[in-house]
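Let's take a walk through this structure together, one piece at a time. Keep the 3D view open as you read.

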Amino acid sequence: MKFAWIDIRSVAPEQVAAVVDAAVHARLDGIVDSHAEVLSTLPPTVRKVLLPPGGAAEDAAAGEGPDLIPVTVDDEQQLNALRLRFLAGDKSVTAYVEVTDQRTLDLACGAAADLPYTVVRFRDPTKIPLEIVIAAADRSDGRLICEVGSVEEAEIVVGVLEKGSEGLLMAPSGVDDVFKLAELLAVKTEPLELTSLTVESIEHSGMGDRVCVDTCTHFEKDEGILVGSYAHGFVLCVSETHPLPYMPTRPFRVNAGALHSYTYGADNRTNYLSELKAGATVLGVGADGRTRRIAVGRVKLESRPLLTIKAKSPEGVEVSLTVQDDWHVRVLGPGAAVLNVTELKAGDQLLGYTPTDKRHVGWPVAEFCIEK
């Protein structure tokens, strides 16, 4: 579970109260300040972290009321002193390490592996040192907190090594940054309850424009994106992960469908395939309904022969999917069965999703709407 500490030491005095209120309202984990008396006014729902402006507190007993008082670690002797405090039963031991070279990187790794809390600040913009510290702390019960300079950097840090730093320490420029950080930490995709669709007909539709969605990740063998001609019904189109003669696999690509098609995305929103572009996000969906956000690296729109698949859910919801008429275009069936679209026939079972919402510019809306 990711968490964040908001650093108010450099926040403009006239904004401090609003920033603190925003952090408390957003249920962020902690507030960092250099004055114990300020921290003592905070509610018990937020962690109070005492950190003087020039670095971490040298006197771990300074002040009363803070939950954590990070201690600067510049050498092995200081790190060993914190290890002894922890072994003696102090569960609030917190190290503060500024990584500037190999020596300080080794200290950060040692602290992250052995102590309850380790706050790390990296001088250089490369994320390689963070990767090394995350790896060192992989089997530790302690919590690693990385200092970041912006929400944009925070987004990068939480994804490093597909695991990221558990905690973030950020000085916001204002209230908006607090809520953006909270939104970033809350980002998750809920699983979907997929259904079986029965193929009713297959029709050759002539020439048209189809879209290949090339992503910035490898799809799993049972994973793809949901695509359909109607906003109330989608078929799970699998990536080009599975081998075929005459061409290499492209596990980053989904040959998704005609450009008019919808793809079902996160937050219960749809997008036209024609709207997708580099930097956009699609929702990766597994045959078991698991989901994840996936970045789009490129979209290819080309004219090809098309095939229209019509199917129906057990509840009678009609689903339509128009795809390229070629055997390397595939969809998934129950049990993650991989099906070539050119070999489908009436009665075959496909995996799909049938949301009940109508749509306006991709958003769900309660209005009368017929698609056919």
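**Starting from one arginine**

Our way in is Arg 143, which is found in strand β7 (residues 143-148). Bear in mind that you're looking at a predicted model. Is Arg 143 buried, exposed or something in between? With a relative accessible area of 25%, Arg 143 counts as partly exposed, because that label covers values between 20% and 50%. As for the strand around it, β7 is mostly covered, with five of its six residues buried.

Now look to either side of β7. On one side is β6, which pairs with β7 in the parallel sense over four bridges. Here Arg 143 has a partner: Tyr 117 stands opposite it. Strand β8 (residues 167-170) also runs parallel to β7, and four bridges join the two. In that pairing, Glu 147 stands opposite Leu 169 in β8.

Zoom out a little and these strands turn out to belong to an open sheet of eight strands with parallel pairing, in the order β3-β2-β1-β8-β7-β6-β5-β4. At the edges are β3 (47-50) and β4 (71-72), each of which pairs on one side only. If you're wondering what holds such neighbours together, strands of a sheet pair through backbone hydrogen bonds, either parallel or antiparallel.

**Helices against the sheet**

Next, find helix α4 (residues 102-114). It lies across β5 (94-99), β6 (117-122) and β7, and runs at about 155° to β5. Helix α5 (residues 128-136) packs on the sheet as well, touching β5, β6 and β7, and its direction makes about 165° with that of β7. There's a link back to our arginine here too: Asp 114 and Arg 143 are 29 residues apart in sequence, and their C-alpha atoms are 10.0 Å apart in space.

α4 also has a helix for company. Its axis and that of helix α3 (residues 76-87) come within 10 Å and cross at roughly 5°. Angles under 35 degrees count as roughly parallel, so that is how α3 and α4 are described. Where they meet, α3 brings Glu 76, Leu 79, Arg 83 and Phe 86, while α4 brings Leu 107, Gly 110, Ala 111 and Asp 114. That contact is a mixture of four nonpolar residues, one polar and three charged.

**Into the cores**

Which residues have the most contacts inside the largest nonpolar core? They are Ile 6, Leu 28, Ile 31, Leu 130, Val 133, Leu 168 and Leu 181, in a core of 52 residues. Helix α4 supplies the largest share of this core, with six residues. Try picking out Leu 168: leaving aside residues up to four places away in sequence, it touches a set that includes Phe 3, Trp 5, Ile 145, Val 148, Val 157 and Leu 181. A second, separate core has 28 residues, among them Ile 309, Val 319, Leu 321 and Val 331.

**Strand β9 and its partners**

Ile 309 takes us to another set of strands. It sits in β16, opposite Ile 202. Strand β9 (residues 195-215) and strand β16 (residues 291-312) run antiparallel and are joined by 16 bridges. β9 also pairs with strand β12 (residues 253-258), again antiparallel, through five bridges; there, Val 213 has Val 254 as its bridge partner. Finally, strand β20 (residues 349-353) pairs with β9 in the antiparallel sense over four bridges, and Ser 196 stands opposite Leu 351 in β20.

Terms used:
Residues numbered from 1 in each chain as written. Predicted model: local features only at pLDDT ≥ 70, side-chain atom pairs only at ≥ 80, totals over all residues. Heavy atoms only, no water. Pairing = 2+ DSSP bridges. Core = buried A, V, L, I, M, F, W, Y, C linked by side-chain atoms within 4.5 Å. Buried < 20%, exposed > 50% of the residue type's maximum accessible area, 1.4 Å probe, protein only. Contact = heavy atoms within 4.5 Å. Axes fitted to C-alpha atoms, helices over the stretch in contact; angles between N-to-C directions. Parallel < 35°, antiparallel > 145°, perpendicular 65-115°, else oblique. Nonpolar A, V, L, I, M, F, W, Y, C, P; charged D, E, K, R; others polar.
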